[in-house]
Amino acid sequence: MRPSSSNSCASATHRSVDSPSLSWSTRSSFPWTATEDKDGKYWIPFYGANNKIARMDAETGAVEEFRTPSTNTASIHSAQPAPDGSVWFTMQAQNKIGRWDPVTKQITEFQDKYKPGKEGLLSGGSKHTLRVLPNGEVWSTGGPMTKFDPVTKEFTQVDAIPSVYGIATDKFGARVWFAEFTPTGVIGYTDPKTMEVKRYSPPTRNARARRIQAFDDGSVWFAEFTAGKLAKFDSKTEQFQEWQLPGPMPTPYAFHVDARGQAWYSSESQDTIGRLDPASGKVVEFPLPWSENTMREFMIDSKGRMWFGSPANNKVGYFYLAD
């Protein structure tokens, strides 16, 4: 892909892995993202009624699919490999999380409780995006944020965070950061041990913080979808910094910061991938080879490549900056 900024010498190499008929069961699998496991394979959640997660070999393009026991629509939104080789995933439409066992290759589902009178409704309870902490706890966004203990098989609902979208944690798991995709656009964290919750309000009102990333130096990055900005929060000084993105409707959705400290985002309404250099404030955007990118999350692999899913195009793929 070539950058849309004509005065920039930057370039990016992009490779998209299509959905081959020999590997994918349908032409509308709705792959949400792709996340690398410890063996170098990539796990893909299939949203909608497919009720599957998939493991892909990026060298061959071969995909192995695993179906959930549930026959009702699961809307699998997020799948994350754990250190023990298992894979945890959310079933948004059923307020469940699932676990794929690396030995048996079977899936077990765990049902959380609904609000009384709202059983089976998203407003009664849902699971959105999850992360697995180093101690094995599984934290999920949705309504409300929840913690699942894999030993006791019990959920803990964090009622102080009733509706939440993005989630992130550093490698130590000391804090679970979240972004509330609401008009207030608040970010914050909860302490996994004390369950204390603390919130911070970005400078821009109605920013609608969406994806969020936390790093070991104390910095917390997030994408402000409605405001069309990227933002950085210093958790040590509790100060914010924001960068306005170009274009009439930037709408940053998928988002991550690479090893060089460059912030990458997908502009949902503009069908571009953008890169922000925080030091200079310069933004370079790269047009995509297809329309309707619908990218939900960026996940970095061990080679520094940024992986994504494009459900509208039934593709997963990666990109990286070529020096």
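A strand here is a DSSP run of E with at least two residues, numbered from the N terminus. Keep in mind that this is a predicted model.

**Exercise 1. Find the strand that gives the most to the lining of the second largest pocket, and describe that pocket.**

Step 1: Start with the pocket itself. The second largest pocket has a volume of about 250 Å³. It is lined by 13 residues, and D258, R260, G304, Y320 and L321 are the closest to its centre.

Step 2: Now look for the strand. Strand β28, residues 315–321, gives the most, with three residues.

Step 3: Sort the lining by class. You get seven nonpolar, two polar and four charged residues.

**Exercise 2. Work out which strands supply at least two residues each to the lining of the largest pocket.**

Step 1: Get the pocket's volume, which is about 860 Å³. Of its 27 lining residues, Q80, R131, T169, M299 and I300 are the closest to the centre.

Step 2: Go along the chain and pick out the strands. β2 (35–36), β6 (76–81), β10 (126–132), β14 (166–169), β18 (209–214) and β26 (299–300) each supply at least two residues.

Step 3: Check the chemistry of the lining. It divides into 13 nonpolar, six polar and eight charged residues.

**Exercise 3. Decide whether Y42 is buried or exposed, then find its side-chain polar contacts.**

Step 1: Locate the residue. Y42 sits in strand β3, residues 42–45.

Step 2: Apply the cut-off. Y42 counts as buried because its relative accessibility is 2%, and buried means under 20%.

Step 3: List the neighbours, skipping residues up to four places away in sequence. Y42 touches A34, T35, E36, A54, R55, M56, A58, D301, R305 and W307.

Step 4: Pick out the polar partners. The Y42 side chain makes a polar contact with the side chain of D301 at 2.7 Å, and another with the side chain of R305 at 3.1 Å.

Step 5: Tie this back to the largest pocket. I300, one of the residues closest to that pocket's centre, is 258 residues from Y42 in sequence, yet the two are 11 Å apart in space, C-alpha to C-alpha.

**Exercise 4. Do the same for K96: is it buried or exposed, and which side chain does it meet in a polar contact?**

Step 1: Place K96 in strand β8, residues 96–100.

Step 2: Use the cut-off again. K96 has a relative accessible area of 13%, so it is buried.

Step 3: Scan its contacts beyond four places in sequence. They are S70, F89, T90, M91, E109, F110, Q111 and K127.

Step 4: Find the polar partner. A polar contact of 2.8 Å joins the side chains of K96 and E109.

Terms used:
Residues are numbered from 1 along each chain as its sequence is written. This is a predicted model: local features need pLDDT of at least 70, side-chain atom pairs count only at pLDDT 80 or more; totals for chains, interfaces and linings use all residues. Side-chain values use heavy atoms; hydrogens and water are left out. On a 1 Å grid over the protein atoms alone, a cavity is a set of points where a 1.4 Å probe fits but cannot get out, and a pocket is an open set with protein on both sides within 12 Å along at least five of seven lines; lining residues have an atom within 4 Å of a point. Grid points are joined across faces, edges and corners, and a volume is the space filled by probe spheres set on the points. Helices (H or I, at least four residues) and strands (E, at least two) are DSSP runs, numbered from the N terminus. Ala, Val, Leu, Ile, Met, Phe, Trp, Tyr, Cys and Pro count as nonpolar, Asp, Glu, Lys and Arg as charged, and the others, Gly among them, as polar. Buried means under 20% relative accessible area, exposed over 50%, partly exposed in between (1.4 Å probe, protein chains only). A polar contact is a pair of N or O atoms within 3.5 Å; within protein, one must be able to donate a hydrogen and the other to accept it, and residues adjacent in sequence count only if both atoms are side-chain atoms. Contact means heavy atoms within 4.5 Å.
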